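Got the model open on your screen? Let's take a walk through its backbone, its strands and its packing.

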Amino acid sequence: MTDLDIAKKVKLQHINNIAQKFGIDPDDIEMYGKHKAKLPLSKIDLTKASKSHLILVSAISPTPAGEGKTTISIGLSEGLNQLGKKTTVVLREPSLGPVFGIKGGATGGGYSQVLPMEDINLHFTGDFAAIEKAHNLLAAIIDNNIQSKTNSLGLDPRTVMWKRVIDLNDRALRRTIVGLGGTTSGIPRETGFDITAASEIMAILCLTIDLNDLKRRLGNIFIGYTFDKKPVYARDLKAEGAMAALLKDAIKPNLVQTIEGNPAIIHGGPFANIAQGTNSVIATRMGMTFSEYAVTEAGFGFDLGAEKFFDIKCQSAGLSPKAVVLTTTIRALKYHGGASLDNLTTPDTEALRKGIPNLEKHLENIGRFNITPVIALNRFTTDSDEEIALIGEVADTLGVKMAVAEVWAKGGAGALDLASQVVAITEKSDTPFTPLYDWNSTVQSKIETIATQIYGAKHVDYTAKAKKDLKTIAALGLEHLPVCIAKTQKSLSDNPVLLGRPKDFIITVREIEIAAGAGFLIPITGDIMRMPGLPAHPASENITIDNEGNISGLF
């Protein structure tokens, strides 16, 4: 059966029952139908949350289809619940870009899913739409102020970096011209669109702690300069209040359920290759408030989402995970060992051995944060016993625990060994993680620390544009902000064709965007883009709906 077939066979519990199981009175939730609800921020209790065990699920460098971090995260939470540990899985919301693009939905797979699968993947509770509207409201206010003769700040349109966003993969919108049509239609200028997951509003929502903090962060968004070189922020346009009003419901985390009827929280959805790649601080704190264990994930490989999870989210919110589960697949290691995408299902221990250095590098990186890892081998039906045994031998040699996870086929029962190992690690963990760098070090130092220690680069080069951006950052007094490097997820380097564990490469920073509202800087490397395009045969070709409202083709 497909993931959608399996999901449709599950008899969903009413969300009131899930709320009670989570620990919140049904009268305190805001229902979106029978199976979805918003949770009130007032229920977060930091004292209770501090006693919870936070578990991060990450991964090795993935293949284009991904290696199943969400599936492992859900399955692990089910397994922990089966062991009698009250556990909530806390995840990001899917973006319509990947849903209709190459990866499909993002609610897990097989018997390890969050439900209702169709709703979560398609619009959900409208959070992405609210973020999109708040972002584009600011864009409209900016262009209106440039046009205005009575309320003008003297904003130089050539310095405005704020684009518009849409939650779709649409390469035709990467570069656009606005303001055409004469004097009543605005001032012509070049701009473009990013995908909503790359919006600074998304980043802000996922790092904020309440509505007051949200308004403060929205007001801090850097817009550009006036003609006399004075910086302009969103607060100067008096935009933050209206933007926050549009986000009044989106700031609240969403409660749903797993296939096995356990609570799940889903909130926010920044990508990890172009943003911080983790769910909201609010959602994580909510899950920790009501659970003995909270399982969360960070996008793509450890070099992207997990590094940002530790150095940005955890530092900002005072979180300290107790363990890291490194999702690993035999197919991805064979891919990094030189096997073609068409041959990943064919047993090939030689390619597997050649790809193992990628696994070793990610394990080394976890150790840099003083966190104990456990390898979760996400088993596929095409994995041979010989290949599985080889990964076990590598784990033994490295002194790292490994569990074969069969959550896709068995749900929580397929994660009992993994769950037991996670419990054993958390019971021994009594020290906080160690950040990779000090926020107060120079911007170049922060970038080079990540590039050399996490990616394995030999050196970092800066284009003339990036060097100019560094001067701008210094002039604005923003050098103390952490860095959120935008980099390809396909390689540890900034070159997607360098697979495995590349060495002696150079990272090139071509520009550095300022996300003062979110509270970080975005060095952009290689050819990374913030508006993806659709593949030749997008997943949307297989999705349809019948006259009774039944959706098919969603995976």
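What follows is a tour of some local features, from unusual backbone spots to the buried parts. Keep in mind that this is a predicted model.

**Odd spots in the backbone**

Most residues other than glycine have a negative phi, and most peptide bonds are trans. With that in mind, a few places are worth clicking on. One is the peptide bond between Leu-115 and Pro-116, which is cis, with omega at about 5°. Pro-116 sits in the loop that links β6 (112-115) to α6 (117-121).

Then there are some residues with positive phi. The table puts four of them side by side.

| Residue | Phi | Where |
|---|---|---|
| Lys-229 | positive, about 70° | loop between β11 (222-225) and β12 (231-233) |
| Asp-504 | positive, about 60° | loop between α19 (464-475) and β20 (506-515) |
| Asn-370 | positive, about 60° | just after α14 |
| Gly-519 | positive, near 95° | hairpin of β20 and β21 |

Are Lys-229 and Asp-504 buried or exposed? Lys-229 has a relative accessible area of 61%, so it counts as exposed. Asp-504 is exposed as well, at 62% relative accessibility.

**Helix α14, kink included**

Helix α14 covers residues 349-368, which makes 20 residues. From its first C-alpha to its last it reaches 29 Å, close to the 28 Å expected at 1.5 Å a residue. Still, α14 has a kink of about 35° at Gly-355, shortly before the proline Pro-357.

What caps the N-terminal end of α14? That would be Asp-348: one of its side-chain oxygens lies 3.3 Å from the backbone nitrogen of Glu-350. Past the other end, Asn-370 comes just after α14 with its positive phi of about 60°.

A good part of α14 is tucked away from solvent probes: the buried residues include Ala-351, Leu-352, Ile-356, Leu-359, Leu-363 and Ile-366. Polar residues turn up among the buried ones too, including Asn-358, Lys-361, His-362 and Asn-365. Gly-355, the residue at the kink, is also buried.

**Strands β19, β20 and β21**

Next, look at how β20 pairs with two other strands. Strand β19 (residues 459-462) runs parallel to β20, with 4 bridges between them. Going along that pairing, Val-460 has Ile-507 as its bridge partner in β20, and Tyr-462 has Val-509. Val-460 and Tyr-462 also make up the covered face of β19, while His-459 and Asp-461 form the uncovered one.

β20 also pairs with β21 (residues 520-525), this time in the antiparallel sense and over 6 bridges. Here Glu-511 is matched with Ile-524 in β21. The β20–β21 hairpin has 4 residues between the strands, and that is where you'll find Gly-519 and its positive phi near 95°.

**The nonpolar cores**

In soluble globular proteins, nonpolar side chains tend to be buried together. Here the largest nonpolar core has 114 residues, and the ones that touch the most other members are Leu-138, Ile-221 and Phe-310. Helix α7 (residues 127-147) gives the most to this core, with 8 residues.

Which residues does Ile-221 touch? Leaving out residues up to four places away in sequence, its contacts include Leu-138, Trp-162, Ile-201, Ile-204, Val-232, Tyr-233 and Met-243. Glu-200 and Gly-517 are on the list as well.

There's also a second, separate core of 20 residues, and Val-295, Ala-403, Val-407 and Val-423 are among them.

**Two loop residues: Thr-107 and Ser-441**

Thr-107 lies in the loop between α5 (96-100) and β5 (108-109). Don't let the loop fool you: under 20% relative accessible area counts as buried, and Thr-107 is buried because its value is 1%. The Thr-107 side chain makes a polar contact with the side chain of Asn-121, at 3.4 Å. Beyond four places in sequence, Thr-107 also touches Thr-70, Ile-74, Pro-94 and Met-117, among others.

Ser-441 sits in the loop between α17 (416-428) and α18 (443-455). A polar atom of the Ser-441 side chain lies 2.7 Å from the backbone oxygen of Asp-438. Setting aside neighbours within four places in sequence, Ser-441 is in contact with Lys-446 and Glu-479. His-480 is 39 residues away along the chain, yet its C-alpha and that of Ser-441 are separated by 7.0 Å.

Note on methods: Residues are numbered from 1 along each chain as its sequence is written. This is a predicted model: local features need pLDDT of at least 70, side-chain atom pairs count only at pLDDT 80 or more; totals for chains, interfaces and linings use all residues. Side-chain values use heavy atoms; hydrogens and water are left out. Buried means under 20% relative accessible area, exposed over 50%, partly exposed in between (1.4 Å probe, protein chains only). The expected span of a helix is 1.5 Å times one less than its number of residues. The bend at a residue is the angle between axes fitted to the seven residues ending there and the seven starting there. A polar contact is a pair of N or O atoms within 3.5 Å; within protein, one must be able to donate a hydrogen and the other to accept it, and residues adjacent in sequence count only if both atoms are side-chain atoms. Two strands pair if DSSP finds at least two bridges between them. A nonpolar core is a set of buried Ala, Val, Leu, Ile, Met, Phe, Trp, Tyr and Cys residues joined through side-chain atoms within 4.5 Å. Contact means heavy atoms within 4.5 Å.
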